[in-house]
Each structure stands twice: as C-alpha cells, then as structure tokens.
Amino acid sequence: MTTYIARPITPEILKELRSADDAGRESVPLTDEEGGAPLRCCLRRSEPGERIALVTYAPLRRWAAETGVDPGAYDEQGPIFIHAAECPGPDSDGYPFANAHRTVRRYSAEGRILGGELVEAPDDAAFRNAFDDPSVALVHVRAVEYGCFLYEVRRD
C-alpha cells in the first residue's frame with residue numbers, strides 16, 4: 001500500500017524565506033496574538049504569542065528548479081505563514097489542515113496543471129485518486145477560501 005506524506009517546506013528553503021521571500025521582500029516577524037495561522041514549516045496552526053512571518057512563496061517554481069523544468073505561466077506565488085525562527089518541523093503524521101474543504105491540485109512532471117479536485121478533507125483516497133493518473137508527479141493541497149498553498153505531496 002502506498003503512503004502519501006504531507007511535505008512541509010524544507011529547512012533550507014525556510015532559511016532563505018526568513019531572509020528574503022520569493023518576491024524579494026525582507027521577512028518581517030510579528031507576534032501572533034490570536035493564534036491559528038496555518039504554519040507551512042511545521043504543518044500546524046500557530047499558538048497565541050508565537051513569532052511568525054507572512055512571506056511570499058512560489059512552490060511550483062521551487063519544485064521546478066529542483067527538477068529542471070520550466071513551470072511557465074503556472075509559476076504562482078502567494079502568501080504563507082512560517083515561524084519567524086527555526087522550528088523542529090512537524091511532530092505528527094497524517095494530513096494537516098484537514099478541518100475544511102481543500103483543493104487537491106495535480107501537476108505533471110513538466111510543471112503543468114493537470115486538474116484539481118475539491119475534497120471534504122485531504123485523505124489517502126484523494127491522493128490515490130490524484131496519483132492514479134501516471135502523468136501526475138506532484139500534488140498541491142490548497143485552501144479553498146483563499147487558494148493559498150498548504151503543502152505538497154509527491155510521487156515517491
């Protein structure tokens with residue numbers, strides 16, 4: 001049986017984003033007074049009082065650079081929350097941010113969108129359905145209400 005793993009943003013990329021984000025802006029840390037921000041570094045919601053940063057991230061651009069493809073017009077960038085300083089990363093398995101409808105967006109090895117599916121919550125069935133298509137190399141899970149990138153799942 002295939003296991004699908006929610007991938008946080010890597011420590012190396014986080015270090016870059018904490019300096020300058022994918023739009024070239026300097027990271028500006030803030031104290032999250034209320035908590036609840038979806039953190040892409042550790043795939044959990046922030047706690048009140050934590051130091052976080054809202055940065056611009058281009059997930060497909062980063063993946064394309066790793067794989068040597070050109071995402072073309074699909075090179076999106078958008079806002080994400082991360083811890084303002086290093087964190088230990090995720091501390092649990094499973095699919096984070098599963099408390100609402102999500103979009104499971106599929107991409108080819110060439111970095112092109114192959115479609116997407118609105119799901120009640122990300123689960124093994126949603127990823128199995130996405131990866132049943134052999135041309136799918138990568139999946140992004142995105143928030144429905146704002147379209148923000150939450151995490152990726154890759155064909156391993």
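Is Phe127 buried or exposed, and what is its relative accessible area? In this predicted model, Phe127 is buried, and its relative accessible area comes out at 0%. The rest of this report sets that ring in its surroundings, going from the overall fold down to the aromatic residues.

**The fold at a glance**

Let's start wide. The protein is built from 3 helices and 9 strands, and the order along the sequence is α-β-β-β-β-α-β-β-β-α-β-β. Its radius of gyration is 15 Å, close to the 15 Å that the globule rule gives for 156 residues, so the protein is as compact as a globular protein of that length. If you want box dimensions, the C-alpha trace spans about 45 × 30 × 25 Å along the principal axes.

Of the 156 residues, 42% count as buried. Take the contacts between residues at least 6 apart in sequence: 60% of them join residues at least 24 apart. On the outside, the protein exposes about 8,300 Å², with carbon and sulfur atoms supplying 50% of that area. As for charge, there are 18 positive and 27 negative ones, and the mean positions of these two sets sit 3 Å apart.

**The aromatic cluster**

Now for the rings. Searching the whole structure turns up 4 aromatic pairs. One of them joins Tyr4 and Phe127: the ring centres are 6.0 Å apart and the planes meet at 45 degrees, so this pair is tilted. That pair ties together distant parts of the chain, with Tyr4 in the segment before helix 1 (11-19) and Phe127 in helix 3 (residues 124-131), 123 residues apart.

The picture doesn't stop at two rings. Ring pairs link Tyr4, Tyr95, Phe127 and Phe131 into a cluster. Here is how three members of that cluster fare for burial:

| Residue | Relative accessible area | Class |
|---|---|---|
| Tyr4 | 13% | buried |
| Phe127 | 0% | buried |
| Phe131 | 7% | buried |

Why do these count as buried? The cut-off is under 20% relative accessible area, so Tyr4 at 13% makes it, and so does Phe131 at 7%.

**Around Phe131**

Phe131 lies in helix 3. What is Phe131 in contact with, leaving aside its neighbours within four places in sequence? The list is Tyr4, Val136, Ala137, Leu138, Val139, Val153, Arg154 and Arg155. For Arg155, there's a backbone distance as well: the C-alpha atoms of Phe131 and Arg155 are separated by 7.2 Å, with the two residues 24 apart along the chain.

Technical notes
Residues are numbered from 1 along each chain as its sequence is written. This is a predicted model: local features need pLDDT of at least 70, side-chain atom pairs count only at pLDDT 80 or more; totals for chains, interfaces and linings use all residues. Side-chain values use heavy atoms; hydrogens and water are left out. Helices (H or I, at least four residues) and strands (E, at least two) are DSSP runs, numbered from the N terminus. The radius of gyration is taken over C-alpha atoms; the globule rule is 2.2 Å times the number of residues to the power 0.38. Buried means under 20% relative accessible area, exposed over 50%, partly exposed in between (1.4 Å probe, protein chains only). Contact means heavy atoms within 4.5 Å. Accessible areas come from the Shrake-Rupley method with a 1.4 Å probe; for residues, only the protein chains shown count as cover. Lys and Arg count as positive and Asp and Glu as negative; His and the chain ends are not counted. The place of a charge is taken as NZ of Lys, CZ of Arg, CG of Asp or CD of Glu. Rings of Phe, Tyr and Trp (its six-membered ring) pair if their centres lie within 6.5 Å; planes under 30 degrees apart count as stacked, over 60 as edge-to-face and the rest as tilted.
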